[in-house]
Amino acid sequence: MTRKAKHIQALSEAEYVELIRELRLARYADIPTIDLYMDQLLTYIDAQLRPLVAPDEKLLTASMVNNYVKQGIIPAPKAKRYTANHVAMLTVICLMKRTFSMDDIHSLLRVSAATHGIDHAYNFFCEAVEETLRQLFCGEIAHTSLGSCDIRKPDGPAFALQVSNAADLSPERRLALSAATSVANKIYVEKCFELGILDGARNAQLRKAKNR
């Protein structure tokens with residue numbers, strides 16, 4: 001377990017909520033412009049996503065990447081180097097594979113890239129995951145727009161983003177938004193158990209009942 005993983009594991013509920021409040025995954029323009037070798041690729045993606053998963057979870061390995069290439073889910077690297085497109089696609093895969101089948105992920109990646117381009121599709125997905133997590137953990141959002149979506153500020157914790165113009169969204173955008181919401185909800189449930197949020201709530205109820 002890395003030092004960073006230990007740090008994440010040691011966070012209190014309040015500290016983790018603050019982490020989510022400030023969460024910002026790298027956007028496409030933030031991804032290194034220099035192509036990455038395998039070790040660099042694995043390190044970069046793990047650093048991005050580690051706060052969202054269990055400290056000991058294997059997010060991505062070289063064999064996983066090679067299998068995704070063999071299955072045609074991501075393109076083959078050139079001269080053993082991976083581009084920004086690879087980083088974006090693998091980031092989405094790492095988040096989605098914990099909830100969806102690889103066939104579904106492959107379909108979403110293919111359709112989203114063809115409709116909006118990998119860069120815009122990736123940015124939209126990251127923003128949707130972040131804002132959904134903020135609603136769940138903090139009862140707030142950082143922005144009122146998400147691509148072409150207008151999202152309403154929640155009045156406390158909510159379980160899905162409220163989109164004002166949902167009827168105007170393309171099927172691809174609806175699918176991506178639903179996938180991002182599902183990913184965020186799974187992270188929320190896992191972190192509630194990991195951080196002992198349920199235990200804390202139960203203990204508070206017991207203390208309250210005892211003091212009556």
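A residue is taken as exposed when its relative accessible area is over 50% and as buried when that value is under 20%. This criterion is applied here to a predicted model, beginning with the loop that joins helix α4 to helix α5. With a relative accessibility of 67%, K80 lies over the cut-off and therefore counts as exposed. K80 is located in the loop between α4 and α5, and its backbone has a positive phi of about 65° although the residue is not a glycine. A79 belongs to the loop between α4, which covers residues 62-70, and α5; A79, too, is not a glycine, yet its phi is positive at about 55°. The relative accessible area of A79 is 68%, so that A79 is likewise classed as exposed.

Helix α5, formed by residues 84-96, packs against helix α6, formed by residues 102-116, at an angle of about 145°, and the two axes are 10 Å apart. The crossing of this pair is right-handed. On the side of α5 the contact is made by M89, V92, I93 and M96, while α6 contributes M102, I105, L108 and L109. Classified by residue type, the contact between α5 and α6 comprises 8 nonpolar residues, with no polar and no charged residues.

Helix α8 extends over residues 171-194, and its length can be compared with that expected from a rise of 1.5 Å a residue: the 24 residues should span 34 Å, and because the C-alpha atoms at the two ends are 35 Å apart, the model agrees with this expectation. The buried residues of α8 are R173, A176, L177, A179, A180, T181, V183, A184, I187, K191 and C192. In an α-helix there are 3.6 residues a turn, so residues three or four places apart point the same way. Spacings of this kind can be followed through the buried set of α8, which includes R173, A176, A180, A184 and I187. After α8 comes G196, a residue with a positive phi near 70°.

The cysteines were considered last. C94 has a relative accessibility of 1% and therefore counts as buried, and C126, with a relative accessible area of 1%, is buried because this value also falls under the cut-off. C192 of α8 is listed among the buried residues of that helix as well. When a disulfide is required to have its two cysteine sulfur atoms within 2.5 Å, the count for the model comes to 0 disulfides.

Definitions and conventions: Residues are numbered from 1 along each chain as its sequence is written. This is a predicted model: local features need pLDDT of at least 70, side-chain atom pairs count only at pLDDT 80 or more; totals for chains, interfaces and linings use all residues. Side-chain values use heavy atoms; hydrogens and water are left out. Axes are lines fitted to C-alpha atoms, for helices over the stretch in contact, and angles run from 0 to 180 degrees between N-to-C directions. Helices (H or I, at least four residues) and strands (E, at least two) are DSSP runs, numbered from the N terminus. A crossing is left-handed if the near helix is turned anticlockwise from the far one by less than a right angle, and right-handed if clockwise. Contact means heavy atoms within 4.5 Å. Ala, Val, Leu, Ile, Met, Phe, Trp, Tyr, Cys and Pro count as nonpolar, Asp, Glu, Lys and Arg as charged, and the others, Gly among them, as polar. Buried means under 20% relative accessible area, exposed over 50%, partly exposed in between (1.4 Å probe, protein chains only). The expected span of a helix is 1.5 Å times one less than its number of residues.
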